[in-house]
Amino acid sequence: MDRIRLTGGNPLNGEIPISGAKNAALPLMIASLLTDEPLVLTNVPRLTDIATLARLLAELGVEIEVLNSSGAWETLTTPIEGRLTLANEQARRLAGFGPDATYKPGGRTLRLTARTIASTHADYDLVSKMRASFWVLGPLLARCGHADVSLPGGCAIGTRPVDLHLQGMEKLGATIELDKGYVIAAAKDGLKGAEVRFSMPSVGATHNVLMAAVLADGVTRIENAAREPEITNLADCLNAMGAKIEGLGTSTLTVTGVERLHGAEVAVVCDRIEAGTYAMAAAMTGGDVTLSGVDASLFEAALQALTAAGVDVDVTPADNTIRIRRNGTALSPVDIVTQPYPAFPTDLQAQFMALMTMADGNAQMTETIFENRFMHVQELARLGALISLHGDRAIVSGVKSLRGAPVMATDLRASVSLVIAGLAAEGETVISRVYHLDRGFERLEDKLSACGADISRLPG
Ligand SMILES: CC(=O)N[C@H]1[C@@H](OP(=O)(O)OP(=O)(O)OC[C@H]2O[C@@H](n3ccc(=O)[nH]c3=O)[C@H](O)[C@@H]2O)O[C@H](CO)[C@@H](O)[C@@H]1O
Ligand SMILES: C=C(OP(=O)(O)O)C(=O)O
């Protein structure tokens, strides 16, 4: 298993191009199941989660092509015994591993075509690797009237039930049974529009029910929908495919079902979590970094927290850039509370905690979304951080310096919080289990070393 080695102390200086968002690219790829025409996605990031989902979609019958550097479509999926598969080599390519002479920021362009659905079975092997795979349930039900999908996996940050997804499908007229770890869903006479009111905003349940409702018969109102920008990206995509969704960006989505959807071309929105992560890394090292290809309006709460910590944040919307600087000034402690969008995102909590480990005083991190998202605390402690846990709150007492140490990545965002701390720690930090990191950060070592970080991958 690969590890990341880094020696702290270098301020980050330069430009970091921000990739397309993992959490938007995944539902957009899944939306391809809703039509027999091609769905073209631009700005798709190179990540293992993209490869994992591509594998699953291929098994369901989706042909996947990539636009190569000569401007031609190259097929990544291979038909074997009447089924499509994605070979290991192609999966590694989608994940962005290995030397790639054609690499340039701006992501890949993929074309996904689900001419026919070959299978409505989403196997444990793939769904257990990644939360978003579970979202094939809605589109499969909508297009085929049945699906059996393994209960999902994803980052181990809490119990993460799927009751809201299932209640939503039942409201649309599906029958749901649970058998041997699988959700068996059927809608013999098709899905019917309905009122779906979530007891709490769930990103995944909103994606899933939205994709089911677009082909349902009649009008669906989704109340208390999540409002994350990745949901708006999906709703925009579905509308470009011929869906009728109103209320984009609000907590009430009204969907008038249509009989069929058609192909479209849609860009993946920028990754606000990746951008926030690098902003915190730049602040941590006392550097001067310009994030490019980024929309600051998508993560205002995080940028406000950085400003409150004494970091200079200059947004230039016309250029899609944000300049992050901290030259010599101490970091002020700032309390944060994670909440659904547009509040401070849970996916940036670990990174902000890493930053606060060197603040001048005590900062309180309250995690309200997931009940077990403090796994990074004990690893940050190995680097010399002082953090105490009190239920859903962590109190971080800033220290003057951190010291490098061997640490273990426990989930995606926890892993990158260790990178941020390691960049400022004295001496060497080696992070194991970096497969977590590869799920969601495109070419992290390249992006950071281009700005002066002493960081490299140790192949395992
Ligand atoms: C691939 C992806 O986009 N993942 C994101 C998505 O995860 P995900 O879609 O899993 O997160 P949700 O928004 O669904 O979860 C929010 C809360 O609702 C609870 N819940 C959710 C569904 C359900 O049926 N029942 C239930 O109780 C969860 O346990 C959690 O406490 O949103 C999270 C919250 O912004 C992010 O941290 C993840 O990065
Ligand atoms: C928690 C995350 O991913 P997942 O929902 O796939 O576990 C994340 O992206 O931070």
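**Figure 1. The loop that holds Asp-347, in a predicted model.** Asp-347 lies in the loop between β21 (336–338) and α11 (349–356), where helices (H or I, at least four residues) and strands (E, at least two) are DSSP runs numbered from the N terminus. Asp-347 counts as buried because it has 28 C-beta neighbours inside 10 Å; a residue is buried if 20 or more other C-beta atoms, placed from the backbone, lie within 10 Å of its own, exposed if 12 or fewer, and partly exposed in between. Leaving aside residues up to four places away in sequence, Asp-347 touches Ile-273 and Arg-413, a contact being a pair of residues whose C-beta atoms lie within 7 Å. The model is predicted, and local features need pLDDT of at least 70, side-chain atom pairs count only at pLDDT 80 or more, and totals for chains, interfaces and linings use all residues. Residues are numbered from 1 along each chain as its sequence is written, while chains are lettered from A and ligands numbered from 1 in the order in which they are written.

**Figure 2. The annotated binding site.** An unreviewed UniProt entry carries the annotation "binding site" for Arg-131, Arg-160, Pro-161, Val-162, Asp-163, Leu-164, Asp-347 and Ile-369; such annotations may be inferred rather than shown by experiment. Arg-131 is found in the loop between α4 (124–127) and α5 (137–144), and with 20 C-beta neighbours inside 10 Å it counts as buried.

**Figure 3. Helix α8 and its surroundings.** The twelve residues of helix α8 (residues 229–240) should span 16 Å at 1.5 Å a residue, the expected span being 1.5 Å times one less than the number of residues, and the end C-alpha atoms are 16 Å apart, which agrees. The buried residues of α8 include Pro-229, Ile-231, Leu-234 and Leu-238, and what covers the buried residues of this helix includes α1 (22–31), α7 (203–213) and α9 (272–285). After α8 comes Gly-242, whose phi is positive, near 110 degrees.

**Figure 4. The two domains and their contact.** The domain assignment, which is automatic or taken from a database, gives domain 1 (3–18 + 270–458) and domain 2 (22–267). Their centres, taken over C-alpha atoms, are separated by 29 Å, and the contact takes 18 residues from domain 1 and 18 residues from domain 2. On the side of domain 1 that touches domain 2, the largest share, three residues, comes from helix α14 (residues 435–440).

Terms used:
Contact = placed C-beta atoms within 7 Å.
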